[in-house]
Amino acid sequence: MRQLFTRRLGRLTTIAAVVGIGGITACNDFLTAENPGAIVAEDVTDARYATLITNGVIGEFQPMLGYVTWWNAIFTDELFNRATFFEEGLIDRREVTSTNGTYAFFYYGNLHRTRFLADNGAERLKTILGDSASRDLRLARVQAYGGMTYTYIAEALCASPIDVSEPLPSAELFARAIDRYDEAIAVAAAAKIQAKAQTRIVPRDTLAADSLRNFALVGAARAALNVNDKAAAIAYASQVPAGFEFRAYYSENSGRENSWMWNRLVAGSNGTMLNTPFAAMDTDPRVPRPGGTTVLALIPNAPPSYSAYNGTLVGADFARGGWVRIASSLEAQYILAEARGATPATLDFVNARRAVGLQAPVALTGDALMAELRDQRSRDFYLDNHRLGDLRRYKEFYGIDLFPQGTYPGTTTGLTYSAGTTCWPLTLAEQNGNPNAGTP
Amino acid sequence: MRSLNVRQQIAAVLAAPLICLALAQPASAQGTGSIRGRVTDAASQRPITDVQIAVAGSPAIAVTDRAGQFVLANVPAGERTVTARRIGFTPVTRTASVQAGGQVVLDLQLSASATTLDQVVVTGTGVAAERRTLGNAITTLDVATITEKASVLNVAEILQSRTPGVTVLPGSGTPGTAGEIRIRGASSLSGYRPVVYVDGIRYNIDEIGSFPATGNGTAGLAQSSQVTSALNFINPNDIESIEVIMGPAAATLYGADAANGVIQIITKKGTRGQQELRWTGKYERGTAELALDTPLNYTTCTQARIDLRSTAGDTLWPGCQGLAANTVITDNPIQRDPNALRTGDLERISLSLRGGGDQYSFYVAGDRDTEEGVFFNSYNKRSSARGNFTFVPNDISNFLITVNYLQTDLRLPIGDESPAGILLSGVRGQPGFLRPASVGPGWSTIDPARSNLYNNRTAGERITLGATLNLDPFNWFRNRLTVGLDNTNAKADLLFLPDENDQTPEGAVLQRTPVTRVYSIDYAGNLLYSPTSDLTSTTTFGTQIISNQFRQLSATGTGLGAPTVTIIGSAQTTSGSNNFSENNSVGYFVQEQIGWKNRLFLTGAVRADDNSSFGSNFDVIVYPKASLAWVLSEEPALANLVDAARLSSFKLRGAWGQAGRAPTPYSALQTYSISVATLGTTTGSALRTASFGNPDLKPERGEEFEIGFDASLLADRLGVDFTYYNKSTRDMLVAVGVAPSSGFPVSRLDNLGEVTNRGIEAAVSGTPIQQPNLIWESRVNYAANRNELVDFGIDGRTSETPSGQAYGAVQQHREGYPLGGYWAPLPQRNADGTPVLSATGAVVLDTVASFLGSSVPLHEIGLSNTVTLFENFRIYALLDYKGGHKLFNLKERNRCQAGAAENCARTNDSRARFPVSASDSLLAAEIPVWRTVPSAYIEDATFIKLREVSLSFFLPQRLVARTGASAANITLSGRNLALWTDYSGIDPEVNSYGGRLFVRADAYALPMTRRFSASVNFTY
């Protein structure tokens, strides 16, 4: 019996040894837990991810644009916010500090998330696509969106770290934006050449290449103008063909895909309305409002950059889906006009825009003409995230301060706008999490 | 990892006994005799059941029946050493001379032991360790006795007040909900839950997946007192004992998850040995009611209110009509409205069968519990079947297989801070004010009949399978292998019929089906060696592999159209999602214990762990431990001293050790998720940054030193256990903000900072009176804990608000203070002690917050007494004291701050708690200005509760015999019978934020209910 047991024990020991050795070799696999809800960063390395990376930048850009547009409009003179949320009131008066949670949650983080996805995506695409990246529209698209995101950061923030760096000044950020636009322009051009070289030309590919190139050209011109490099701005803007528009799209599918302007001005009831300068533009269909005698009269309807714009004074509600124009030949024309100054061509352009606004022609020259140009620009690009960059540029390079000043027209008396503030600070999370951020 | 499906797993477990059968040896019947006898309590002379009678050198084992009798057959002839053992009694050994074919009568007497050093406990090493060898404290609860004395419905109620160092903080009195369990204080910022093993199998104690019981519509609120736990998925009637391994000093061998302590649940099993089949049945019937007062609501019927009319000309204060101006009317709608509260029924049925022979034993049981809550839409039903089979094929191996199946049906009422909850609506009502039909007179937000429609149900199911093989091929080599599967799944439903709920008038149905599977494999081997007769060496080594998987499907349909169509697919809009997470760990340990003359034991051990949630730059964590146990009472040199002190035994012990707590799954990885991008008229999948990750992430490291003694005095009639511990947790898992410029959101986990817990635990148990007709047994536990956040480990951070706190940061984690302590600015005071008032009459507060107190008890006392009269009557009571802590009375703050604050108890109630000035008239003036000050609502929550009382009558044997039974008793028991406290809320034990670590506030949580029940127990 004992022998029988000893034999069995020997067999069990052998089995145990095999199981043990197998167990040790299988240990690494066992200790790599399945995670079907996410992709580990180091796995994003092959061609399956190229389109996903590109869509990632677009998908992040769209809601970010809505948030940034909304709070920049409140921060500037585009909107006046009657909402009772305390932090939104601070934004309205430009009393934004690093502790403002609304700003941190909606604005700052989303800007940087988009910027990171573009920068990181461009690097990954170059690795994944190899030599073909230089003529792949996906890289052009990522770089163009990345350039526009850098432009938004540079226009809005006083200074901003990139990838946990020390805060970079706006000029440096605009320069980085132009680098990305330049690469997008070059890649789009190469992609178009390649598309044309195909035995069977796909019109969609050549049109997409043109569209991305023009988007990047407008963006580069915008960035160049914001660093007062008018020659470069003219060089970029003059290449943009008439009739060009580049849009960001929304859909009714989910909250993330909905237009934020619809969310706040149609679905919500926060009582946000046209601020004083724009409330006064009450005959221009580019600044539509319902009209009437109640406070609802001044809640804006969809202006020209939005798909729901219908060219009437009353206008129409912002759409839950639809699109918003983010770059256009119209913007290129404005950049050219501002860069060239008070020329006869500028006067013609101004009067053409006044006609759209049901305004009579003017015969202005010099500073008065440039002031009118600025006024028309504010109407044509109402609520599409141009205003803050414009106001900062006017103040920095032309000495013209159009930021709201003096008594704040809110329900609480005795409050004033923050006179000197023209840009957004770093958030507390950035200060705490970035050893290079320094103390504000 | 490829996983077996459930059918394959069951087949594998069921096939395992065949291995043992192959090794079985036939029992010999040649040259044998038998021993029979009776075992009684030396003090009371009462028979003792379940005493195991073993014969040295023979497989023959017997078990005493309810009459204390046993028959031991097949005992080899000759002089035999017979040993009788039972937990709680000092073992007795006698010699019997057995003749071939003859029978020996051997009656034995056992003495109850207050502290028995020979008691066997589970330690994680795989061998039966005697208490004398342990350098650390282990609390053992005899649950079989507890459930016989008191009506306990879940594990938390078993642990409550009986285990020094274990703090049970219930959230609400709602059936099926669970409280927090903290062992020796909170030792981490990110979690303090202990790990639980049942018969050596890792046991899931996560929430069962119910929808939050504060949900309005489909959104729901995250906070709730009505938190559930899979720990409730075990019936106390199936538990034999519970061992609590308190902290890192003892839990090292449990590895990277055990820093918060380990709870070992040992279920009832058959006892191997010759015996008759024994049926046990228990039927319990009882009630639950809200016995504590709910506050009154007040209205002053001013002339303006009497005169107030709507535009249609109807009065808005119908309750004030006909009354003189300024008449004060009161109402207590919760007590008044018959639809608000009920007396819930309690019914429990339990049946078990146990038996065994020389080579096997078995135990099967079935239970059915139905517990109704005091709200009409509240109940918890639980049915379970449990079985285990032990097979001992030979003298070198035995095999245990356990199977447990449990089913629950839980319905949770809506409550806490939901306006659809009865308590919120009731305590914020305005007497006399016109309310719409959906609210009703006297209620604030909803009528109870409407609130009772809330239909939040969770059907749960649990299957636990386990197999343990003990193989001792040689006297010096012992092995134990346990494999187990714990599968918990639930189907949670939340249904709003159309027009039933104001927030979801179109109707909605929500479902989710969480499944948690825990696989565990545990092997331990022991090498025993005795180089000399005085010196012993026990080397233990082993491995533990645990895999924990969670998956869940969720679906929602909104817009049901008709009340009879509740299929999600038929709803106007539908959505669905699923999620999955997995955590795997492997641990190895080796321990060496040197014993000297069976009275001095020195133990050293090392455990190494790897875990799938560790960072890629971190490989293995190693935890060491060391302990010393010295049975001083057996030192010959101290014999005189021991005699003089009348010590029966005295063991000095000390232990130091480390254990950990692993990060949450995937937190070390930098990951992307998939989102969506709108591409013109279509959409596309899009990559999105998800988690920043931390490749250096490692587990927390808990380190603990404890020292204490176990003493038994006066011939084992008095036992004293004392422990001092000092526990610290370093490398805490702390959420650190990620710089948004990195492109990743929110935060990542990092190993930072330190928390300490220091305290003492003491238990004194004894039998002050031990006469045949009167036995008085008493036990008092005391525990004190000082918790301190020593360091965040982050430059510049000295405080933070606990995650999930609402209504102002009245709780803070601050360096130098307890985690989650209460903080608020105090009013500035004039020289006469009155508060400084501003020009507008507001109380002027300090600019900085002051520490007001701990949010959990600092001192806990449990006092239990059992008196047995004339062998037939037993009276038992348990008093529970918790003190030294505060509770935020958020409910009262809301009552005081809302509107005219007429309901403010401080205005109307004799229990007013505002700082009282010297002048009563000044007090009246202070009330309006005080009622907005947060510190006024952070109250002393010290209390004493008469937690349990029972009266048992054991039927005389002659009566029992007529029924064919061997024993029977009738027990009347009550729970939460009385409360003594200065807290002005309803119950200082509630917490409306049970789902959030550290956040504690009383906001419309259902107080603990009072239960009465009667039970009948029969044994055949």
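Good morning. Two strands count as paired here when DSSP finds at least two bridges between them. With that in hand, I begin in chain B of this predicted model, at strand E28, residues 508-529, where Thr513(B) stands opposite Leu553(B) of strand E29(B).

E28(B) and E29(B), the latter spanning residues 535-558, are antiparallel and joined by 22 bridges. The two strands form a hairpin, with 5 residues between them. E28(B) also has strand E27(B), residues 477-496, as a partner: 18 bridges join them, again in the antiparallel sense. A residue pair to look up in that second pairing is Gly484(B), which faces Ser520(B) of E28(B). As general background, strands of a sheet pair through backbone hydrogen bonds, either parallel or antiparallel.

Before going further, a word on confidence. The predictor assigns the complex an ipTM of 0.91 and a pTM of 0.85. For chain B the average pLDDT is 87, and 91% of the residues score at least 70. Which stretches of chain B have a pLDDT below 50? Residues 216-222 of chain B are one of them, although the model gives this stretch 25 contacts beyond near neighbours in sequence. Residues 910-922 of chain B also stay under 50, and for these the model has 19 contacts beyond four places in sequence. Where pLDDT is low, the predicted coordinates should not be read in detail.

Let me turn to the smaller numbering in chain B, and to its open sheets. One of them has 4 strands in the order E3-E2-E5-E7, with antiparallel pairing. Its edges are strand E3(B), residues 61-63, and strand E7(B), residues 92-98, each of which pairs on one side only. On average, and ignoring direction, neighbouring strands in this sheet are turned by 25° against each other. Within the sheet, strand E5(B), residues 78-85, pairs with E7(B) over 7 bridges in the antiparallel sense. There, Arg80(B) has Ala96(B) of E7(B) as its bridge partner.

Another open sheet of chain B consists of 5 strands, ordered E12-E17-E18-E15-E16, and its pairing is mixed. Strand E12(B), residues 138-142, and strand E16(B), residues 201-203, lie at the edges and pair on one side only. Neighbouring strands of this sheet are likewise turned by an average of 25° against each other, direction ignored. Strand E17(B), residues 239-245, runs antiparallel to strand E18(B), residues 262-267, and 6 bridges join the two. In this pairing Glu243(B) stands opposite Gln264(B) of E18(B).

I now move to helix packing in chain A, with helix H11(A), residues 329-340, as the reference. How do H8(A) and H11(A) cross? The axis of helix H8(A), residues 230-237, comes within 9 Å of that of H11(A), and the crossing angle is roughly 150°. Since angles over 145 degrees count as roughly antiparallel, H8(A) is therefore roughly antiparallel to H11(A). The crossing is left-handed. From H8(A), the contact uses Lys230(A), Ala233(A), Ile234(A) and Ala237(A), and from H11(A) it uses Ala332(A), Ile335(A), Leu336(A), Ala339(A) and Arg340(A). By class, this contact contains 7 nonpolar, no polar and 2 charged residues.

Helix H7(A), residues 203-226, packs on H11(A) as well, at an angle of about 30° and with the axes 10 Å apart. Angles under 35 degrees count as roughly parallel, so H7(A) and H11(A) are roughly parallel to each other. H7(A) also passes H11(A) in a left-handed crossing. Here Val218(A), Ala221(A), Arg222(A) and Leu225(A) of H7(A) meet Glu331(A), Ala332(A), Ile335(A), Glu338(A) and Ala339(A) of H11(A). The class division for this contact is 6 nonpolar, no polar and 3 charged. Ala332(A), Ile335(A) and Ala339(A) of H11(A) appear in the contact with H8(A) and in the contact with H7(A).

Finally, the interface between the chains. How many residues does each chain give to the contact? Chain A contributes 52 residues and chain B contributes 41 residues. On the side of chain B, the elements giving two or more residues are strands E30 (573-596), E31 (600-611), E34 (671-679) and E35 (682-691). That side is made up of 19 nonpolar, 19 polar and 3 charged residues. Strand pairing also spans the two chains: strand E1(A), residues 39-40, runs antiparallel to E34(B), with 2 bridges joining them. In that pairing, Ile39(A) has Tyr672(B) as its bridge partner.

Thank you for your attention.

Definitions and conventions. Residues are numbered from 1 along each chain as its sequence is written. Chains are lettered from A and ligands numbered from 1 in the order in which they are written. This is a predicted model: local features need pLDDT of at least 70, side-chain atom pairs count only at pLDDT 80 or more; totals for chains, interfaces and linings use all residues. Two residues are in contact if their C-beta atoms, placed from the backbone, lie within 7 Å. Ala, Val, Leu, Ile, Met, Phe, Trp, Tyr, Cys and Pro count as nonpolar, Asp, Glu, Lys and Arg as charged, and the others, Gly among them, as polar. Axes are lines fitted to C-alpha atoms, for helices over the stretch in contact, and angles run from 0 to 180 degrees between N-to-C directions. Angles under 35 degrees count as roughly parallel, over 145 as roughly antiparallel, 65 to 115 as roughly perpendicular and the rest as oblique. A crossing is left-handed if the near helix is turned anticlockwise from the far one by less than a right angle, and right-handed if clockwise. pLDDT is the predictor's confidence in each residue, from 0 to 100.
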